[in-house]
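Dear colleague,

Please find below the structure I am handing over to you. My notes on what was found in it follow directly after.

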Amino acid sequence: MVQVLRRDFLALSGLGLGASLLPAGWGRAIAAEALDSAIDPALKKRLADVALNAATGAGATYCDVRIGRYLRQFVITRDAHVENVVNTESTGAGVRVIAGGAWGFAATNDLSPDGVANAARQATAIAKANAKFQAEPVRLAPTPGVGEVKWRTPIAKNSMTVPVKDKADLLLGVNAAALANGANFVNSLLFLVNEQKYFASTDGSYIDQDVHRIWAPITVTVVDKATGKFRSRSGLSAPMGMGFEYLDGTPSEKIVLPSGTTVYRNSYDMKEDAIAAAKDAAAKLKAPSVKPGKYDLVLDPTHLWLTIHESVGHPLELDRVLGYEANYAGTSFATMDKRDARFQYGSANVNIVADKIQPNSLGAVGYDDEGVKTKRWDLIAQGKLVDYQVVRDQAHILSKAASDGCCYADSWSSVQFQRMANVSLQPGSKKITPAEMVAGVENGIYIVGDGSFSIDQQRYNAQFGGQLFFEIKNGKITQQIEDVAYQIRTPEFWNACSAVCDERDYRLNGSFFDGKGQPPQVSAVSHGAATARFDGINVINTARSLG
(Lines give C-alpha, C1' and ligand atoms only; values in the text may rest on other atoms or scores of the structure.)
Protein backbone atom coordinates (compact mmCIF):
# COMPACT_ATOMS: atom_id res chain seq x y z
CA MET A 1 0.00 0.00 0.00
CA VAL A 2 1.48 3.33 -1.01
CA GLN A 3 0.12 6.54 0.39
CA VAL A 4 -0.59 9.10 -2.30
CA LEU A 5 2.05 11.80 -2.64
CA ARG A 6 -0.36 14.61 -1.82
CA ARG A 7 -1.22 12.83 1.41
CA ASP A 8 2.48 12.37 2.15
CA PHE A 9 3.02 16.05 1.43
CA LEU A 10 0.33 17.07 3.92
CA ALA A 11 1.79 14.78 6.56
CA LEU A 12 5.27 16.23 6.12
CA SER A 13 3.93 19.78 5.94
CA GLY A 14 2.29 19.13 9.31
CA LEU A 15 5.79 19.14 10.79
CA GLY A 16 5.55 22.91 10.45
CA LEU A 17 3.46 22.79 13.63
CA GLY A 18 6.46 21.67 15.61
CA ALA A 19 8.95 18.92 16.29
CA SER A 20 6.68 17.58 19.03
CA LEU A 21 4.60 15.97 16.26
CA LEU A 22 7.50 13.83 14.99
CA PRO A 23 6.69 10.14 14.61
CA ALA A 24 8.33 8.20 17.43
CA GLY A 25 10.47 6.17 15.02
CA TRP A 26 12.11 9.29 13.65
CA GLY A 27 14.00 9.88 16.89
CA ARG A 28 15.05 13.16 18.42
CA ALA A 29 15.54 16.63 17.02
CA ILE A 30 19.18 17.63 16.50
CA ALA A 31 21.14 20.59 15.12
CA ALA A 32 21.71 20.67 11.38
CA GLU A 33 25.48 20.54 11.93
CA ALA A 34 25.13 17.10 13.53
CA LEU A 35 23.77 15.64 10.29
CA ASP A 36 27.29 15.56 8.87
CA SER A 37 28.75 12.90 11.16
CA ALA A 38 28.87 9.13 11.60
CA ILE A 39 29.60 6.44 14.19
CA ASP A 40 33.18 5.14 14.21
CA PRO A 41 33.22 1.94 12.06
CA ALA A 42 35.59 0.24 14.49
CA LEU A 43 33.13 0.84 17.33
CA LYS A 44 30.29 -0.61 15.25
CA LYS A 45 32.29 -3.77 14.57
CA ARG A 46 33.18 -4.20 18.25
CA LEU A 47 29.54 -3.79 19.28
CA ALA A 48 28.38 -6.18 16.55
CA ASP A 49 30.82 -8.85 17.75
CA VAL A 50 29.57 -8.42 21.32
CA ALA A 51 25.98 -8.98 20.14
CA LEU A 52 26.88 -12.00 17.98
CA ASN A 53 28.84 -13.64 20.79
CA ALA A 54 26.13 -12.93 23.36
CA ALA A 55 23.43 -14.44 21.15
CA THR A 56 25.34 -17.60 20.27
CA GLY A 57 26.45 -17.94 23.87
CA ALA A 58 22.79 -17.90 24.92
CA GLY A 59 21.90 -20.66 22.45
CA ALA A 60 21.15 -18.92 19.13
CA THR A 61 22.04 -20.90 16.01
CA TYR A 62 21.97 -17.76 13.86
CA CYS A 63 22.25 -14.04 14.66
CA ASP A 64 22.36 -10.79 12.76
CA VAL A 65 22.76 -7.34 14.24
CA ARG A 66 22.00 -4.00 12.61
CA ILE A 67 23.53 -0.84 14.08
CA GLY A 68 21.82 2.13 12.51
CA ARG A 69 21.95 5.91 12.49
CA TYR A 70 18.94 7.29 10.61
CA LEU A 71 19.03 11.00 9.75
CA ARG A 72 16.27 13.13 8.25
CA GLN A 73 15.94 16.80 7.40
CA PHE A 74 12.78 18.70 6.46
CA VAL A 75 12.79 22.28 5.18
CA ILE A 76 9.15 23.38 4.97
CA THR A 77 7.83 26.55 3.32
CA ARG A 78 4.53 28.14 2.39
CA ASP A 79 4.27 31.14 0.08
CA ALA A 80 6.85 33.68 1.30
CA HIS A 81 7.56 32.02 4.64
CA VAL A 82 9.75 29.27 6.03
CA GLU A 83 7.40 27.38 8.33
CA ASN A 84 9.93 25.04 9.90
CA VAL A 85 13.25 23.29 9.64
CA VAL A 86 13.39 19.92 11.37
CA ASN A 87 16.46 17.69 11.73
CA THR A 88 16.08 14.27 13.34
CA GLU A 89 18.36 11.44 14.41
CA SER A 90 17.50 7.90 15.49
CA THR A 91 20.37 5.66 16.59
CA GLY A 92 20.48 2.17 18.06
CA ALA A 93 20.87 -1.55 17.41
CA GLY A 94 18.45 -4.32 16.46
CA VAL A 95 19.35 -7.97 17.04
CA ARG A 96 17.57 -10.85 15.28
CA VAL A 97 18.26 -14.49 16.08
CA ILE A 98 17.11 -18.05 15.42
CA ALA A 99 16.95 -20.29 18.48
CA GLY A 100 15.01 -23.54 18.69
CA GLY A 101 14.03 -23.05 15.05
CA ALA A 102 12.14 -19.79 15.72
CA TRP A 103 12.82 -16.08 15.23
CA GLY A 104 13.43 -13.67 18.07
CA PHE A 105 14.13 -9.93 17.91
CA ALA A 106 15.06 -7.19 20.36
CA ALA A 107 16.36 -3.65 19.97
CA THR A 108 18.09 -1.05 22.12
CA ASN A 109 19.26 2.54 21.89
CA ASP A 110 21.99 1.76 24.45
CA LEU A 111 25.05 1.46 22.23
CA SER A 112 27.32 0.12 24.95
CA PRO A 113 28.71 -3.43 25.11
CA ASP A 114 26.30 -4.26 27.93
CA GLY A 115 23.38 -2.70 26.05
CA VAL A 116 23.80 -4.70 22.85
CA ALA A 117 24.66 -7.90 24.74
CA ASN A 118 21.46 -7.61 26.77
CA ALA A 119 19.45 -7.07 23.56
CA ALA A 120 21.04 -10.18 22.01
CA ARG A 121 20.21 -12.31 25.05
CA GLN A 122 16.66 -10.93 25.12
CA ALA A 123 16.17 -11.75 21.42
CA THR A 124 17.38 -15.30 22.07
CA ALA A 125 15.00 -15.72 25.02
CA ILE A 126 12.11 -14.49 22.83
CA ALA A 127 13.06 -16.97 20.09
CA LYS A 128 13.09 -19.87 22.57
CA ALA A 129 9.67 -18.83 23.82
CA ASN A 130 8.36 -18.59 20.25
CA ALA A 131 9.73 -22.06 19.45
CA LYS A 132 7.21 -23.66 21.81
CA PHE A 133 4.40 -22.56 19.51
CA GLN A 134 6.07 -22.87 16.10
CA ALA A 135 4.88 -25.77 13.95
CA GLU A 136 7.82 -25.70 11.52
CA PRO A 137 11.38 -24.52 12.11
CA VAL A 138 12.70 -21.52 10.16
CA ARG A 139 14.48 -22.62 6.99
CA LEU A 140 17.02 -19.96 6.17
CA ALA A 141 18.45 -19.94 2.63
CA PRO A 142 22.25 -19.81 2.73
CA THR A 143 24.04 -16.60 1.89
CA PRO A 144 27.83 -16.33 1.84
CA GLY A 145 29.63 -14.17 4.35
CA VAL A 146 31.36 -11.29 2.58
CA GLY A 147 33.73 -10.13 5.31
CA GLU A 148 34.15 -6.38 5.73
CA VAL A 149 32.64 -4.37 2.85
CA LYS A 150 31.34 -0.85 2.32
CA TRP A 151 28.70 0.55 -0.04
CA ARG A 152 27.50 4.12 -0.56
CA THR A 153 24.86 5.73 -2.73
CA PRO A 154 26.97 7.24 -5.55
CA ILE A 155 26.20 10.88 -4.78
CA ALA A 156 28.05 13.95 -6.04
CA LYS A 157 26.93 16.27 -3.23
CA ASN A 158 25.82 15.28 0.28
CA SER A 159 22.48 17.03 0.85
CA MET A 160 23.08 17.12 4.58
CA THR A 161 26.10 19.41 4.18
CA VAL A 162 24.28 22.05 2.11
CA PRO A 163 23.53 25.05 4.37
CA VAL A 164 19.92 25.35 5.51
CA LYS A 165 19.84 28.94 4.26
CA ASP A 166 20.63 27.78 0.72
CA LYS A 167 17.81 25.25 0.88
CA ALA A 168 15.34 27.76 2.24
CA ASP A 169 16.34 30.34 -0.38
CA LEU A 170 15.80 27.74 -3.11
CA LEU A 171 12.30 26.93 -1.89
CA LEU A 172 11.30 30.56 -1.37
CA GLY A 173 12.51 31.38 -4.88
CA VAL A 174 10.39 28.54 -6.23
CA ASN A 175 7.35 29.83 -4.33
CA ALA A 176 7.90 33.40 -5.52
CA ALA A 177 8.09 32.27 -9.14
CA ALA A 178 4.81 30.37 -8.86
CA LEU A 179 3.08 33.30 -7.12
CA ALA A 180 4.32 35.66 -9.82
CA ASN A 181 2.74 33.41 -12.44
CA GLY A 182 -0.78 33.28 -11.05
CA ALA A 183 -0.61 30.95 -8.05
CA ASN A 184 -2.51 31.96 -4.90
CA PHE A 185 -0.89 29.45 -2.58
CA VAL A 186 2.32 27.42 -2.79
CA ASN A 187 3.68 24.77 -0.47
CA SER A 188 7.17 23.43 -1.06
CA LEU A 189 9.57 21.37 0.97
CA LEU A 190 12.75 19.36 0.92
CA PHE A 191 12.82 15.92 2.53
CA LEU A 192 16.34 14.50 2.85
CA VAL A 193 17.31 11.09 4.23
CA ASN A 194 20.64 9.53 5.17
CA GLU A 195 20.54 5.94 6.47
CA GLN A 196 23.87 4.86 7.97
CA LYS A 197 23.44 1.11 8.35
CA TYR A 198 25.92 -1.45 9.69
CA PHE A 199 25.03 -5.14 9.35
CA ALA A 200 26.88 -8.11 10.85
CA SER A 201 25.91 -11.75 11.04
CA THR A 202 27.13 -15.16 12.10
CA ASP A 203 27.49 -15.89 8.37
CA GLY A 204 30.65 -13.78 8.50
CA SER A 205 29.49 -10.46 7.04
CA TYR A 206 30.33 -6.95 8.28
CA ILE A 207 28.58 -4.57 5.86
CA ASP A 208 28.73 -0.78 6.25
CA GLN A 209 26.28 1.13 4.02
CA ASP A 210 25.62 4.84 3.60
CA VAL A 211 22.28 5.42 1.82
CA HIS A 212 21.10 8.84 0.59
CA ARG A 213 17.70 9.92 -0.75
CA ILE A 214 16.07 13.23 -1.71
CA TRP A 215 12.55 14.48 -2.46
CA ALA A 216 11.37 18.00 -3.40
CA PRO A 217 7.55 18.08 -3.53
CA ILE A 218 5.49 21.16 -4.30
CA THR A 219 1.76 21.86 -4.42
CA VAL A 220 0.51 24.95 -6.28
CA THR A 221 -3.07 26.21 -5.93
CA VAL A 222 -4.98 28.75 -8.04
CA VAL A 223 -8.29 30.28 -6.88
CA ASP A 224 -11.00 31.72 -9.07
CA LYS A 225 -12.01 34.65 -6.86
CA ALA A 226 -15.26 35.20 -8.72
CA THR A 227 -16.58 31.69 -8.01
CA GLY A 228 -14.47 30.57 -5.06
CA LYS A 229 -13.45 27.45 -6.98
CA PHE A 230 -9.84 26.34 -6.83
CA ARG A 231 -7.58 23.77 -8.45
CA SER A 232 -4.14 22.47 -7.53
CA ARG A 233 -1.30 20.79 -9.34
CA SER A 234 1.45 18.90 -7.56
CA GLY A 235 5.03 18.93 -8.76
CA LEU A 236 6.29 16.38 -11.24
CA SER A 237 9.52 15.61 -9.46
CA ALA A 238 10.49 12.07 -8.50
CA PRO A 239 11.98 11.14 -5.12
CA MET A 240 15.43 9.81 -5.93
CA GLY A 241 18.39 7.94 -4.51
CA MET A 242 20.69 10.88 -5.18
CA GLY A 243 22.41 13.76 -3.44
CA PHE A 244 21.80 17.49 -3.79
CA GLU A 245 23.06 17.37 -7.37
CA TYR A 246 19.45 16.50 -8.19
CA LEU A 247 18.51 20.14 -7.51
CA ASP A 248 21.65 22.24 -7.59
CA GLY A 249 21.47 23.59 -11.13
CA THR A 250 23.12 20.75 -12.98
CA PRO A 251 21.73 20.88 -16.54
CA SER A 252 18.41 19.10 -16.39
CA GLU A 253 17.54 16.12 -18.54
CA LYS A 254 14.26 17.62 -19.70
CA ILE A 255 11.64 15.87 -21.75
CA VAL A 256 8.83 17.89 -23.33
CA LEU A 257 5.73 15.72 -23.65
CA PRO A 258 3.22 15.89 -26.53
CA SER A 259 0.94 17.81 -24.14
CA GLY A 260 3.59 20.53 -23.82
CA THR A 261 4.31 19.48 -20.22
CA THR A 262 7.97 19.37 -19.20
CA VAL A 263 9.16 16.43 -17.11
CA TYR A 264 12.60 15.55 -15.81
CA ARG A 265 15.03 12.63 -15.55
CA ASN A 266 17.82 12.36 -12.94
CA SER A 267 17.62 16.10 -12.22
CA TYR A 268 14.85 18.56 -11.47
CA ASP A 269 14.24 22.22 -12.28
CA MET A 270 11.97 22.97 -9.33
CA LYS A 271 11.30 26.59 -10.25
CA GLU A 272 10.38 25.80 -13.85
CA ASP A 273 7.96 23.11 -12.68
CA ALA A 274 6.37 25.45 -10.11
CA ILE A 275 5.69 28.06 -12.81
CA ALA A 276 4.18 25.38 -15.05
CA ALA A 277 2.10 24.09 -12.12
CA ALA A 278 0.56 27.53 -11.60
CA LYS A 279 -0.42 27.72 -15.27
CA ASP A 280 -1.74 24.14 -15.27
CA ALA A 281 -3.84 24.76 -12.14
CA ALA A 282 -5.36 27.86 -13.77
CA ALA A 283 -6.15 25.85 -16.90
CA LYS A 284 -7.88 23.22 -14.78
CA LEU A 285 -10.41 25.82 -13.69
CA LYS A 286 -11.52 26.23 -17.31
CA ALA A 287 -11.10 22.65 -18.50
CA PRO A 288 -14.26 20.75 -19.50
CA SER A 289 -15.24 17.62 -17.64
CA VAL A 290 -14.55 14.23 -19.23
CA LYS A 291 -17.34 12.29 -20.88
CA PRO A 292 -17.35 8.76 -19.37
CA GLY A 293 -16.69 5.85 -21.67
CA LYS A 294 -14.05 3.59 -23.18
CA TYR A 295 -10.78 5.27 -24.15
CA ASP A 296 -7.30 4.34 -25.26
CA LEU A 297 -5.02 5.67 -22.52
CA VAL A 298 -1.51 7.03 -23.03
CA LEU A 299 0.11 6.99 -19.60
CA ASP A 300 3.24 8.98 -18.78
CA PRO A 301 5.75 7.44 -16.33
CA THR A 302 4.93 10.19 -13.80
CA HIS A 303 1.53 8.52 -13.62
CA LEU A 304 2.17 4.89 -14.52
CA TRP A 305 4.57 4.25 -11.63
CA LEU A 306 1.70 4.19 -9.13
CA THR A 307 -0.34 1.73 -11.21
CA ILE A 308 2.75 -0.52 -11.43
CA HIS A 309 3.28 -0.24 -7.69
CA GLU A 310 -0.26 -1.21 -6.74
CA SER A 311 -1.17 -3.75 -9.43
CA VAL A 312 2.20 -5.48 -9.93
CA GLY A 313 4.65 -4.64 -7.15
CA HIS A 314 2.44 -5.55 -4.20
CA PRO A 315 0.66 -8.63 -5.60
CA LEU A 316 4.03 -10.21 -6.46
CA GLU A 317 5.39 -9.99 -2.90
CA LEU A 318 5.44 -13.62 -1.80
CA ASP A 319 4.35 -12.90 1.77
CA ARG A 320 1.12 -11.39 0.40
CA VAL A 321 0.63 -14.36 -1.91
CA LEU A 322 1.00 -16.68 1.10
CA GLY A 323 -1.48 -14.66 3.17
CA TYR A 324 1.00 -13.29 5.71
CA GLU A 325 -0.30 -9.74 5.18
CA ALA A 326 -4.01 -10.63 5.02
CA ASN A 327 -4.88 -9.08 8.38
CA TYR A 328 -3.57 -5.64 7.47
CA ALA A 329 -2.73 -5.03 3.82
CA GLY A 330 -4.45 -7.87 2.02
CA THR A 331 -3.46 -10.84 -0.10
CA SER A 332 -2.92 -11.31 -3.85
CA PHE A 333 -4.87 -12.63 -6.80
CA ALA A 334 -1.51 -13.75 -8.29
CA THR A 335 -1.40 -17.08 -6.44
CA MET A 336 1.45 -19.56 -6.80
CA ASP A 337 -0.44 -21.81 -9.19
CA LYS A 338 -0.46 -18.90 -11.65
CA ARG A 339 3.34 -18.79 -11.69
CA ASP A 340 3.51 -22.51 -12.32
CA ALA A 341 1.06 -22.10 -15.21
CA ARG A 342 2.91 -19.04 -16.59
CA PHE A 343 -0.24 -16.97 -16.14
CA GLN A 344 -0.79 -14.32 -18.84
CA TYR A 345 -0.49 -11.29 -16.57
CA GLY A 346 -0.21 -8.89 -19.51
CA SER A 347 0.38 -8.62 -23.23
CA ALA A 348 3.66 -9.58 -24.87
CA ASN A 349 4.68 -5.89 -24.55
CA VAL A 350 4.76 -6.20 -20.75
CA ASN A 351 8.18 -7.03 -19.31
CA ILE A 352 8.54 -6.14 -15.64
CA VAL A 353 11.62 -6.60 -13.46
CA ALA A 354 12.39 -6.34 -9.78
CA ASP A 355 15.62 -4.47 -9.16
CA LYS A 356 17.63 -3.44 -6.08
CA ILE A 357 20.66 -2.13 -7.96
CA GLN A 358 19.36 0.47 -10.44
CA PRO A 359 21.36 3.72 -10.12
CA ASN A 360 19.49 6.72 -8.66
CA SER A 361 16.56 4.57 -7.54
CA LEU A 362 15.16 4.80 -4.02
CA GLY A 363 15.60 1.09 -3.37
CA ALA A 364 19.20 0.80 -4.55
CA VAL A 365 21.57 -0.69 -1.96
CA GLY A 366 24.56 -2.99 -2.14
CA TYR A 367 23.13 -5.50 0.34
CA ASP A 368 19.71 -5.93 1.90
CA ASP A 369 19.03 -6.04 5.64
CA GLU A 370 19.79 -9.77 5.75
CA GLY A 371 23.26 -9.30 4.26
CA VAL A 372 22.20 -10.62 0.83
CA LYS A 373 23.90 -9.05 -2.18
CA THR A 374 21.26 -7.27 -4.24
CA LYS A 375 20.36 -8.01 -7.86
CA ARG A 376 17.81 -7.64 -10.66
CA TRP A 377 15.40 -10.40 -11.72
CA ASP A 378 12.35 -10.95 -13.93
CA LEU A 379 8.81 -10.92 -12.55
CA ILE A 380 6.81 -10.80 -15.80
CA ALA A 381 8.40 -11.81 -19.12
CA GLN A 382 6.52 -11.11 -22.36
CA GLY A 383 3.36 -10.84 -20.32
CA LYS A 384 3.77 -14.14 -18.44
CA LEU A 385 4.13 -14.36 -14.64
CA VAL A 386 7.52 -15.98 -13.98
CA ASP A 387 8.54 -15.07 -10.44
CA TYR A 388 7.88 -13.33 -7.12
CA GLN A 389 9.96 -11.40 -4.57
CA VAL A 390 11.31 -13.51 -1.69
CA VAL A 391 13.63 -13.25 1.32
CA ARG A 392 15.81 -15.85 3.04
CA ASP A 393 13.17 -17.71 5.05
CA GLN A 394 10.82 -17.89 2.02
CA ALA A 395 13.25 -19.05 -0.68
CA HIS A 396 12.64 -22.77 -0.08
CA ILE A 397 8.91 -22.30 -0.78
CA LEU A 398 9.76 -21.55 -4.42
CA SER A 399 12.68 -24.03 -4.46
CA LYS A 400 15.09 -21.12 -4.80
CA ALA A 401 18.66 -21.59 -3.68
CA ALA A 402 18.94 -18.05 -2.35
CA SER A 403 17.02 -14.95 -1.34
CA ASP A 404 16.24 -12.24 -3.86
CA GLY A 405 17.79 -9.66 -1.53
CA CYS A 406 14.65 -7.61 -0.79
CA CYS A 407 14.54 -7.64 3.02
CA TYR A 408 14.35 -4.24 4.72
CA ALA A 409 13.58 -2.53 8.02
CA ASP A 410 12.79 1.16 8.27
CA SER A 411 14.73 1.55 11.53
CA TRP A 412 17.22 -0.22 13.76
CA SER A 413 14.28 -0.69 16.16
CA SER A 414 12.13 -2.48 13.54
CA VAL A 415 12.53 -6.11 12.54
CA GLN A 416 13.46 -6.58 8.90
CA PHE A 417 10.99 -8.37 6.65
CA GLN A 418 10.02 -8.83 3.01
CA ARG A 419 9.63 -5.52 1.15
CA MET A 420 9.04 -4.55 -2.43
CA ALA A 421 12.08 -4.05 -4.64
CA ASN A 422 12.10 -1.38 -7.33
CA VAL A 423 9.57 -2.85 -9.78
CA SER A 424 9.74 -1.43 -13.30
CA LEU A 425 8.15 -1.79 -16.72
CA GLN A 426 10.91 -2.22 -19.27
CA PRO A 427 11.04 0.03 -22.35
CA GLY A 428 9.72 -1.32 -25.64
CA SER A 429 12.12 -2.84 -28.16
CA LYS A 430 10.67 -0.87 -31.08
CA LYS A 431 11.69 2.76 -31.50
CA ILE A 432 8.65 4.86 -30.64
CA THR A 433 8.31 8.27 -29.00
CA PRO A 434 5.35 9.54 -26.94
CA ALA A 435 4.42 11.85 -29.83
CA GLU A 436 4.34 8.92 -32.26
CA MET A 437 2.25 6.94 -29.79
CA VAL A 438 -0.29 9.77 -29.48
CA ALA A 439 -0.42 10.07 -33.27
CA GLY A 440 -1.81 6.54 -33.47
CA VAL A 441 -4.71 7.14 -31.06
CA GLU A 442 -8.14 8.04 -32.43
CA ASN A 443 -10.06 8.49 -29.18
CA GLY A 444 -8.00 8.64 -26.06
CA ILE A 445 -6.74 10.43 -22.96
CA TYR A 446 -3.15 11.34 -22.12
CA ILE A 447 -2.48 11.27 -18.36
CA VAL A 448 0.45 12.94 -16.61
CA GLY A 449 1.20 12.74 -12.87
CA ASP A 450 -0.23 10.56 -10.12
CA GLY A 451 -3.41 11.20 -8.14
CA SER A 452 -5.83 9.49 -5.82
CA PHE A 453 -6.46 5.76 -6.18
CA SER A 454 -8.24 2.81 -4.63
CA ILE A 455 -7.57 -0.92 -4.93
CA ASP A 456 -9.07 -4.03 -3.40
CA GLN A 457 -7.37 -6.40 -0.96
CA GLN A 458 -6.38 -8.87 -3.69
CA ARG A 459 -4.92 -6.16 -5.96
CA TYR A 460 -7.37 -7.12 -8.69
CA ASN A 461 -9.93 -4.27 -9.02
CA ALA A 462 -8.64 -0.70 -8.92
CA GLN A 463 -9.26 2.91 -9.88
CA PHE A 464 -6.65 5.58 -10.59
CA GLY A 465 -6.73 9.35 -11.02
CA GLY A 466 -3.92 11.72 -12.04
CA GLN A 467 -2.68 15.32 -12.15
CA LEU A 468 -3.18 16.39 -15.78
CA PHE A 469 -5.50 14.97 -18.43
CA PHE A 470 -5.51 15.74 -22.15
CA GLU A 471 -8.07 14.66 -24.72
CA ILE A 472 -6.72 12.87 -27.83
CA LYS A 473 -8.79 12.98 -31.02
CA ASN A 474 -7.62 11.56 -34.35
CA GLY A 475 -3.99 11.45 -33.30
CA LYS A 476 -3.84 14.96 -31.83
CA ILE A 477 -4.11 16.40 -28.33
CA THR A 478 -7.06 18.79 -28.53
CA GLN A 479 -7.64 20.18 -25.02
CA GLN A 480 -7.04 19.75 -21.32
CA ILE A 481 -9.91 17.99 -19.51
CA GLU A 482 -10.79 17.30 -15.89
CA ASP A 483 -12.48 14.81 -13.51
CA VAL A 484 -10.82 11.70 -15.01
CA ALA A 485 -10.30 8.33 -13.35
CA TYR A 486 -9.95 4.94 -14.98
CA GLN A 487 -11.06 1.56 -13.66
CA ILE A 488 -9.14 -1.67 -14.13
CA ARG A 489 -9.05 -5.36 -13.45
CA THR A 490 -5.34 -5.99 -13.18
CA PRO A 491 -4.81 -8.74 -15.79
CA GLU A 492 -7.28 -7.19 -18.24
CA PHE A 493 -5.50 -3.84 -17.94
CA TRP A 494 -1.99 -5.19 -18.50
CA ASN A 495 -3.20 -7.38 -21.38
CA ALA A 496 -4.57 -4.18 -22.97
CA CYS A 497 -1.02 -2.76 -23.18
CA SER A 498 -0.55 -2.36 -26.93
CA ALA A 499 2.74 -0.42 -26.97
CA VAL A 500 5.56 0.87 -24.75
CA CYS A 501 7.91 3.67 -25.79
CA ASP A 502 11.62 2.96 -26.08
CA GLU A 503 14.47 3.64 -23.64
CA ARG A 504 14.75 7.33 -24.63
CA ASP A 505 11.57 7.97 -22.61
CA TYR A 506 12.39 5.73 -19.62
CA ARG A 507 12.16 7.51 -16.25
CA LEU A 508 12.04 6.71 -12.54
CA ASN A 509 9.30 7.80 -10.15
CA GLY A 510 8.27 6.40 -6.78
CA SER A 511 7.45 6.97 -3.13
CA PHE A 512 9.22 7.43 0.19
CA PHE A 513 6.23 6.00 2.06
CA ASP A 514 5.28 2.47 1.02
CA GLY A 515 3.42 1.18 4.07
CA LYS A 516 3.29 -2.45 5.18
CA GLY A 517 3.41 -4.70 8.22
CA GLN A 518 2.21 -4.73 11.81
CA PRO A 519 3.51 -2.66 13.52
CA PRO A 520 3.54 -0.61 10.31
CA GLN A 521 6.78 0.27 8.57
CA VAL A 522 7.50 2.41 5.51
CA SER A 523 10.05 1.91 2.77
CA ALA A 524 11.24 3.92 -0.21
CA VAL A 525 10.79 2.39 -3.64
CA SER A 526 11.14 3.50 -7.26
CA HIS A 527 9.29 2.35 -10.35
CA GLY A 528 10.67 2.95 -13.82
CA ALA A 529 8.69 3.05 -17.04
CA ALA A 530 8.46 4.60 -20.46
CA THR A 531 5.16 5.97 -21.74
CA ALA A 532 2.73 3.13 -22.46
CA ARG A 533 -0.58 2.74 -24.29
CA PHE A 534 -3.56 0.76 -22.97
CA ASP A 535 -6.55 0.20 -25.25
CA GLY A 536 -10.25 0.24 -24.41
CA ILE A 537 -10.02 1.23 -20.73
CA ASN A 538 -13.13 2.32 -18.83
CA VAL A 539 -13.01 5.97 -17.77
CA ILE A 540 -15.41 7.52 -15.27
CA ASN A 541 -16.21 11.13 -14.43
CA THR A 542 -15.18 11.66 -10.81
CA ALA A 543 -17.29 14.81 -10.40
CA ARG A 544 -20.43 12.89 -11.38
CA SER A 545 -19.38 9.93 -9.24
CA LEU A 546 -19.33 12.22 -6.23
CA GLY A 547 -22.79 13.49 -7.09
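Glycine 145 is partly exposed, because its relative accessible area of 38% falls between the 20% and 50% limits. This residue belongs to the loop between α3 and β5 (147-152). Setting aside residues up to four places away in sequence, glycine 145 touches Asp203, Gly204 and Ser205. Tyrosine 345 lies 200 residues from glycine 145 along the chain, and their C-alpha atoms are separated by 37 Å. Please bear in mind that this is a predicted model.

Helix α3, which comes before that loop, covers residues 113-131. Its 19 residues should span 27 Å at 1.5 Å a residue, and the C-alpha atoms at its ends are 27 Å apart, so the expected and computed lengths agree. The buried residues of α3 are Gly115, Val116, Ala117, Ala119, Ala120, Ala123, Thr124 and Ala127. They pack against α2 (41-57) and two strands, β3 (81-99) and β4 (102-108).

The corresponding check was made for helix α5, residues 270-286. Here 17 residues should span 24 Å, and the end C-alpha atoms are 25 Å apart, which agrees. Buried positions in α5 include Met270, Ala274, Ala277, Ala278 and Ala281. Charged residues are also buried in this helix, namely Asp273, Asp280 and Lys284.

Two arginines deserve a separate note. Arginine 69, in strand β2 (residues 62-78), has a relative accessibility of 5% and therefore counts as buried, the limit being under 20%. Beyond its neighbours within four places in sequence, arginine 69 is in contact with Ala34, Ser37, Ala38 and Ile39, with Glu89, Ser90 and Thr91, and with Asn194, Glu195 and Gln196. Arginine 419 is 350 residues away from arginine 69 in sequence, while the C-alpha to C-alpha distance between the two is 20 Å.

Arginine 339 is part of helix α8 (residues 336-340). Its relative accessible area is 16%, so arginine 339 is likewise buried. Not counting residues up to four places away in sequence, arginine 339 touches Leu385, Val386, Asp387, Tyr388 and Leu398.

Turning to the nonpolar cores, the largest has 71 residues. Leu425, Ile445, Tyr486 and Trp494 have the most contacts inside it. Isoleucine 445, leaving aside its neighbours within four places in sequence, is in contact with residues including Val290, Tyr295, Leu297, Val298, Phe469, Phe470, Ile472, Ile481, Val484 and Val539. Asp296 is also one of the contacts of isoleucine 445. Another core, of 32 residues, lies apart from the largest one and has Leu171, Leu190, Val220 and Leu508 among its members.

Finally, what empty space is enclosed? A search of the whole structure finds 4 cavities of 30 Å³ or more. The second largest cavity holds about 120 Å³ of space. It is lined by 18 residues, of which Arg213, Lys356, Gly363, Tyr408 and Ala524 are the closest to its centre. By class, the lining of this cavity has 9 nonpolar, 6 charged and 3 polar residues. Strands β16 (407-408) and β25 (521-529) each supply at least two residues of this lining, and β25 gives the most, with 3 residues.

Yours sincerely

Methods
Residues are numbered from 1 along each chain as its sequence is written. This is a predicted model: local features need pLDDT of at least 70, side-chain atom pairs count only at pLDDT 80 or more; totals for chains, interfaces and linings use all residues. Side-chain values use heavy atoms; hydrogens and water are left out. On a 1 Å grid over the protein atoms alone, a cavity is a set of points where a 1.4 Å probe fits but cannot get out, and a pocket is an open set with protein on both sides within 12 Å along at least five of seven lines; lining residues have an atom within 4 Å of a point. Grid points are joined across faces, edges and corners, and a volume is the space filled by probe spheres set on the points. Helices (H or I, at least four residues) and strands (E, at least two) are DSSP runs, numbered from the N terminus. A nonpolar core is a set of buried Ala, Val, Leu, Ile, Met, Phe, Trp, Tyr and Cys residues joined through side-chain atoms within 4.5 Å. Buried means under 20% relative accessible area, exposed over 50%, partly exposed in between (1.4 Å probe, protein chains only). Contact means heavy atoms within 4.5 Å. The expected span of a helix is 1.5 Å times one less than its number of residues.
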